[in-house]
Amino acid sequence: MGTVPALLGGDFTAYEHEGRVAADADTASLALALVGAAHQLLLTRGPYAPDLRDRMRQVATALIAGVT
């Protein structure tokens, strides 16, 4: 562990055990998708883009909706 996707994957796995994420969810892929989306948004819009937080929230909400 130690990488951001691995750490997030661990969190999502814990959420599985709590029933907050579907038991059959691919938490490793979800974590990787969230990190990839954040990376893409930061590189294409920059860290000070006025809509960065809203866009990341939209992406996270869409991805997480698929596993809850």
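Here are three short exercises on this predicted model, each with a worked solution.

**Exercise 1: the overall layout**

Find how many helices and strands the protein has, and in what order its elements run.

*Solution.* Start by counting: there are three helices and zero strands. Next, walk along the chain from the N terminus, and the elements read α-α-α. Then look at the extent: the C-alpha atoms fill a box of roughly 35 × 25 × 15 Å along the principal axes. Finally, check burial: 25% of the 68 residues count as buried.

**Exercise 2: the two sides of H3**

Work out which residues of helix H3 are buried, and why they lie on the same side of H3.

*Solution.* First, locate the helix: H3 covers residues 52-65 and has 14 residues. From first C-alpha to last, H3 reaches 20 Å, close to the 20 Å expected at 1.5 Å a residue. Now pick out its buried residues, which are Leu52, Val59 and Ala60. They cover an arc of only 95 degrees around the axis, so they sit on the same side of H3. Turn to the other side of H3, and you meet Ala62 and Ala65, which are exposed. Last, ask what covers the buried residues of H3: the cover includes helix H2 (27-45).

**Exercise 3: a buried charge**

Decide whether Glu16 is buried or exposed, and find the nearest side chain of opposite charge.

*Solution.* Begin with its place: Glu16 belongs to helix H1 (residues 4-18). Glu16 is buried. Now search for a partner: the nearest side chain of opposite charge is Arg20, 12 Å away. A salt bridge needs the charged atoms within 4 Å, and Glu16 has none. To finish, list its neighbours: leaving aside residues up to four places away in sequence, Glu16 touches Val21, Ala22, Ala23, Asp24, Ala25 and Thr27.

Note on methods
Residues numbered from 1 in each chain as written. Predicted model: local features only at pLDDT ≥ 70, side-chain atom pairs only at ≥ 80, totals over all residues. Heavy atoms only, no water. Helix = DSSP H or I, 4+ residues; strand = E, 2+ residues; numbered from the N terminus. Expected span 1.5 Å × (residues − 1). Buried < 20%, exposed > 50% of the residue type's maximum accessible area, 1.4 Å probe, protein only. Arc of directions from axis to C-beta. Contact = heavy atoms within 4.5 Å. Lys, Arg positive; Asp, Glu negative; His and termini not counted.
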